[in-house]
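Me: I'd like a proper close look at the hydrophobic interior of this one. Start from one residue and work outwards, please.

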Amino acid sequence: MKYHILYNPSSDNGRGGADEEAVEKLLAGSEIVKQNIISIDTQEYIRSETAPDDIILICGGDGTLNRFVNSIDVENVNRRIDYYAAGTGNDFFRDLGLARGVIAENINACITGLPRVTVKGKTYRFFNGVGFGIDGYCCEVGDRMRAAGKTDINYAGIAIKGLLFHFKPANATVTIDGKTTGYRKVWLAPTMKGRFYGGGMMPVPKQDRGDTEKKLSVLVWHGSGKLKTLSIFPGIFKGQHLKHSECCKSFSGKTVNVRFDRPCALQIDGETITGVEEYTAEA
């Protein structure tokens, strides 16, 4: 048995190399091959460089895992997939109830049968969630900071500054399983497969990634002013924002369409797409 460590040197704010070394220590005594996941055709690498009894170990953050599930035929990979969380948010690991520093073994069941989201005519798999609104804005700003060489990126701080000064809410129509509702002044409109995103936020705390019906959950945060939104916002880390039902509403369904009246940034498992006016997620 051989481990193929597919690592992302850019993960964990550029500390991916150190994380890859930590994985090696956990696998001491095993046969190991290391490969930078950014530099390969993952599907071709698995086909040509691995044997059926080899183990693929992904070392990176949620964005790295998203890259992996969207670059291969995950339904027919026919290899055991393990995962070592080495990102800034690690929300997938958090949802599995695991702490950083251990290996999640055989996550195949968690990354097959995933929901899909269509954005700007392109379809992606996702395993945590799709964020539209100030969450996408935060990822966009974080990407710009990272590109400028900054490593200490505080998404909560970005969100607070965005709420107070920079992000402008949009009007939106939200369609869930064919039922459409219009909302004004929408701050957040994510659709979730798991419970967590954004480094521990729980927009829909009752969402269960193992739900046998495979339903998705949606949060619509709308109508509140800047100061009220700011005062409620910390509660999203414990799911307490839903106590404010006048502005925070949750729904579930299998097909979700969200359309904003102006372009905004959107994030899929932490990966940012800018200038988006709508998305459609399907369980």
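Reply:
**A walk through the interior**

Skip the residues within four places of it in sequence, and Phe260 is in contact (heavy atoms within 4.5 Å) with Phe132, Gly133, Ala170, Asn171, Ala172, Val186, Ala189 and Glu277. Bear in mind that this is a predicted model, with pLDDT of at least 70 needed for local features and 80 or more for side-chain atom pairs, while totals for chains, interfaces and linings use all residues. Numbering starts from 1 along each chain as its sequence is written, and side-chain values use heavy atoms, without hydrogens or water.

Phe260 belongs to the largest nonpolar core (buried Ala, Val, Leu, Ile, Met, Phe, Trp, Tyr and Cys joined through side-chain atoms within 4.5 Å), which has 47 residues. Along with Trp221, Leu266 and Tyr279, Phe260 is among those with the most contacts inside that core. Strand S14 (residues 255-268) supplies the largest share, 6 residues; strands are DSSP E runs of at least two residues, helices H or I runs of at least four, numbered from the N terminus.

Apart from that core there's another, of 23 residues, including Leu6, Ile56, Ile58 and Phe68. To see what's in that part of the chain, look at the open sheet of 5 strands, ordered S2-S1-S3-S4-S5 with mixed pairing (at least two DSSP bridges per pair). S2 (31-36) and S5 (103-104) are the edge strands, each with a single partner, so one side of each has no neighbour in the sheet. Further in, S1 (residues 2-7) and S3 (residues 55-60) pair in the parallel sense over 5 bridges, and Tyr3 has Ile55 as its bridge partner in S3. Helix H3 (residues 42-49) lies across S1, S2 and S3, while helix H4 (residues 62-69) lies across S1, S3 and S4 (80-85).

Charges turn up inside too. Asp95 and Arg209 are both buried (under 20% relative accessible area; over 50% is exposed, in between partly exposed; 1.4 Å probe, protein chains only). They form a salt bridge (Lys or Arg side-chain nitrogen within 4 Å of an Asp or Glu carboxyl oxygen), with the closest N and O atoms 2.8 Å apart. Asp95 sits in helix H5 and Arg209 in the loop between S11 (191-192) and S12 (216-222), so the pair ties together parts 114 residues apart in sequence. Through shared partners, salt bridges join Asp95, Arg195 and Arg209 into one network. Asp91 and Arg94, both in H5 (residues 91-95) and about one turn apart, meet in a salt bridge too, at 2.7 Å, N to O. Asp91 is buried at 4%, whereas Arg94 is partly exposed at 33%.

Methods: Axes fitted to C-alpha atoms, helices over the stretch in contact; angles between N-to-C directions.
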